[in-house]
Amino acid sequence: MRNRKHERGSAVTAALLSLALVILVVVTVWCFREPAWRPPAPITEIGKAVDHQYDLTLAVTATVFILSQLGLALAVFIFRDKGTRAHFTRGNNTMEFLWTSATIILFLGLGIMGRKAWADTRFTEPQSDAIQVEVTANQFVFNFRYAGPDGKFGRLDPKLISASTGNPLGIDPADPAGKDDIVVPTLTVPVDHQVELLIRSQDVIHNFFVRELRLQQDAVPGMMIPLHFTANTIGQYEIVCTQLCGLGHYRMRSVLNVVSAADYDKFLKDQAAAQ
Ligand code: CUA
């Protein structure tokens with residue numbers, strides 16, 4: 001058998017692959033910087049903190065992404081097949097230890113820094129004058145219940161749930177506290193006033209998500225999950241379910257109306273008259 005001399009690989013192939021990596025980096029950075037693809041401005045103070053945390057995380061991960069991909073492009077070109085024999089390496093334990101530790105510190109650090117904005121809406125007491133609204137998700141609608149003039153929610157009985165007879169939540173007619181409860185398919189809240197949502201589900205796991213609030217919370221059967229926020233901009237915003245909850249998931253949405261205090265009082269009066 002003849003031993004032929006090993007030939008050099010093509011520098012063009014290596015150069016093209018490196019170029020493809022550089023293009024990938026440029027396109028990715030452009031996608032993230034494109035203003036049309038940025039989320040709408042937040043309408044809560046907590047939303048600003050969430051955005052700040054998002055930008056920080058993005059800056060850190062983008063730096064790592066850009067450096068590592070450009071490094072890869074460089075390595076692809078420099079270490080292309082030059083006709084010499086490749087040699088085996090067992091790796092470098094010190095380097096392994098360093099970059100694993102750096103990754104752990106980075107991700108734990110970002111997690112700890114982001115914790116406050118998340119916890120502020122969940123683990124702090126709402127203000128004493130916060131308006132309570134119960135949010136009930138089911139396949140595939142949201143229902144919002146206000147306590148009415150007495151300020152008390154009526155008792156619920158799952159056996160009485162009947163959307164077709166106008167009692168989707170199963171409010172017990174025997175409980176006087178439930179007589180004035182208001183149940184509506186959209187959420188209306190006053191501007192600059194704290195609202196506490198009490199989030200529930202009647203069947204599977206759903207999710208309450210409003211981009212502009214920067215709030216996203218699962219609705220879990222058997223649990224009542226409180227969440228509070230103060231919206232600071234009058235307007236209409238979309239509420240969507242962001243858990244794949246069944247065939248009708250794609251159409252499970254509602255509307256958040258942030259209105260003036262006067263309009264909110266009018267809304268309560270109109271709804272009380274209509275119930
Ligand atoms: Cu409910 Cu998706």
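**A walk from E134 outwards**

Setting aside residues up to four places away in sequence, E134 touches N143, F144, R145, F153, L156, L169, L198 and R200. Keep in mind that this is a predicted model. E134 lies in strand β1. With a relative accessibility of 7%, E134 counts as buried, because the cut-off for that label is under 20%. One of its contacts, F144, sits 10 residues away from E134 in sequence, and the two C-alpha atoms are 5.6 Å apart in space.

Now zoom out to the sheet that holds β1. Strands of a sheet pair through backbone hydrogen bonds, either parallel or antiparallel. Here five strands form an open sheet with mixed pairing, in the order β3-β2-β1-β5-β8. At the edges you'll find β3 (182-184) and β8 (225-230), each of which pairs on one side only. From one strand to the next, the twist averages 25°. For a look at one pairing, take β1 (residues 131-138) and β5 (residues 194-201): they run in the parallel sense and share seven bridges. If you want a spot to check by eye, T136 has R200 of β5 as its bridge partner. That's the R200 that also turned up among the contacts of E134.

A helix packs on this sheet too. Helix α4 (residues 261-274) touches β1, β2 (141-146) and β3, and its direction makes about 100° with that of β3. That counts as roughly perpendicular, because the range for this label is 65 to 115 degrees.

What about the nonpolar core? The largest one has 35 residues, and those touching the most other members are F144, Y146, L187, L197, F208 and L256. Strand β1 supplies the largest share of this core, four residues. Y146 is a good one to click on: leaving out neighbours within four places in sequence, Y146 is in contact with V133, F153, D181, I182, V184, T186, L187, T188, Y264, F267 and L268.

Finally, head for the N-terminal part of the chain, where helix α1 (residues 11-33) meets helix α2 (residues 45-78). Two packed helices are described by the angle between their axes and the distance between the axes. In this pair the axes come within 8 Å and cross at roughly 170°, so α1 and α2 are roughly antiparallel to each other. On the α1 side, the contact residues include L17, L21, L24, V25 and F32, while α2 brings residues including Y54, L58, F65, I66 and F77. Sorted by class, this contact has 19 nonpolar, three polar and no charged residues.

How values were computed:
Residues numbered from 1 in each chain as written. Predicted model: local features only at pLDDT ≥ 70, side-chain atom pairs only at ≥ 80, totals over all residues. Heavy atoms only, no water. Pairing = 2+ DSSP bridges. Helix = DSSP H or I, 4+ residues; strand = E, 2+ residues; numbered from the N terminus. Axes fitted to C-alpha atoms, helices over the stretch in contact; angles between N-to-C directions. Contact = heavy atoms within 4.5 Å. Parallel < 35°, antiparallel > 145°, perpendicular 65-115°, else oblique. Nonpolar A, V, L, I, M, F, W, Y, C, P; charged D, E, K, R; others polar. Core = buried A, V, L, I, M, F, W, Y, C linked by side-chain atoms within 4.5 Å. Buried < 20%, exposed > 50% of the residue type's maximum accessible area, 1.4 Å probe, protein only.
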